[in-house]
Amino acid sequence: MSEPPLRTPDGRYLVVRGRLWRATNPALPEEQRQAAVRQLMAARREVGRARRAGDRKALARAGEAVDAAKRALGERGPVWWADGAPDYNRHLARNTPYAAWHAQATAAGVEPADD
C-alpha cells in the first residue's frame with residue numbers, strides 16, 4: 001500500500017505530485033463524511049460506466065454527482081476555513097505561500113519531486 005499524501009501544515013491541502021488539492025473539511029461529522037464519501041465513490045463508478053459505454057448524457061450526470069459529493073466534503077465550492085485565506089486548490093505548491101515548506105518537505109524525502 002502506498003504512503004498517504006503529504007498534507008500542508010495547516011491541514012487545508014493534500015499534496016499530490018507537487019499540486020495542492022483541497023482536503024476534506026475536518027469539521028464534518030464522521031457520519032456525514034462517510035455518507036459523502038460513499039456518494040463520491042458511487043458517482044466515480046458511474047463515470048467509469050458512462051465512459052466505457054460512450055454515454056455522454058450519463059457521463060454528464062455522473063460528473064455532476066461527483067461535483068456534488070466533493071462539495072459536500074468541502075473539497076470544492078466555498079472554502080471551509082474562516083480566516084479569509086485564499087484558496088490554492090489545484091495550484092502547484094511551488095507557486096503558493098506553501099513553496100518554502102514544500103521545498104523543505106521534498107528535500108527531506110517526504111514526497112517525490114515530480115512536479
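**A three-stranded sheet and three loop residues**

At 54% relative accessibility, Arg-90 counts as exposed. I start with Arg-90 since the backbone there is worth a look; keep in mind that this is a predicted model. Arg-90 sits in the loop between helix 2, residues 56-73, and helix 3, residues 99-107. Its phi is positive, about 75°, although Arg-90 is not a glycine. For context, most residues other than glycine have a negative phi.

There is another arginine to show you, Arg-17. Phi of Arg-17 is near 50°, again a positive value in a residue other than glycine. Where is Arg-17 found? In the loop between strand 2 and strand 3. These two strands form a hairpin with two residues between them, and Arg-17 is in that turn. Is Arg-17 buried or exposed? Exposed, with a relative accessible area of 56%.

That brings me to the sheet. It is open, with three strands in the order 1-2-3, and the pairing is antiparallel. The edge strands are strand 1, residues 6-7, and strand 3, each of which pairs on one side only. As a general reminder, strands of a sheet pair through backbone hydrogen bonds.

Take the pairings in turn. Strand 1 and strand 2 are joined over two bridges, antiparallel. Here Leu-6 has Val-15 in strand 2 as its bridge partner. Strand 2, residues 13-16, pairs with strand 3 over four bridges, also in the antiparallel sense. In this pairing, Leu-14 has Trp-21 in strand 3 as its bridge partner.

Now the side chains of strand 3, residues 19-22. Which of them point to the buried face? Leu-20 and Arg-22 point to one face and are buried. Arg-19 and Trp-21 point to the other face and are not buried. In a regular strand, side chains alternate between the two faces of the sheet.

Leu-20 leads to my last residue, since Leu-20 is among the residues that Tyr-98 touches. Tyr-98 lies in the loop between helix 2 and helix 3, the loop that also holds Arg-90. With 12% relative accessibility, Tyr-98 counts as buried, because the cut-off for buried is under 20%. Leaving aside residues up to four places away in sequence, Tyr-98 touches Thr-8, Asp-10, Arg-12, Tyr-13, Leu-20, Tyr-88 and Ala-93. How far apart are the C-alpha atoms of Tyr-98 and Pro-9? They are separated by 9.0 Å, with the two residues 89 apart along the chain.

Conventions. Residues are numbered from 1 along each chain as its sequence is written. This is a predicted model: local features need pLDDT of at least 70, side-chain atom pairs count only at pLDDT 80 or more; totals for chains, interfaces and linings use all residues. Side-chain values use heavy atoms; hydrogens and water are left out. Buried means under 20% relative accessible area, exposed over 50%, partly exposed in between (1.4 Å probe, protein chains only). Two strands pair if DSSP finds at least two bridges between them. Contact means heavy atoms within 4.5 Å.
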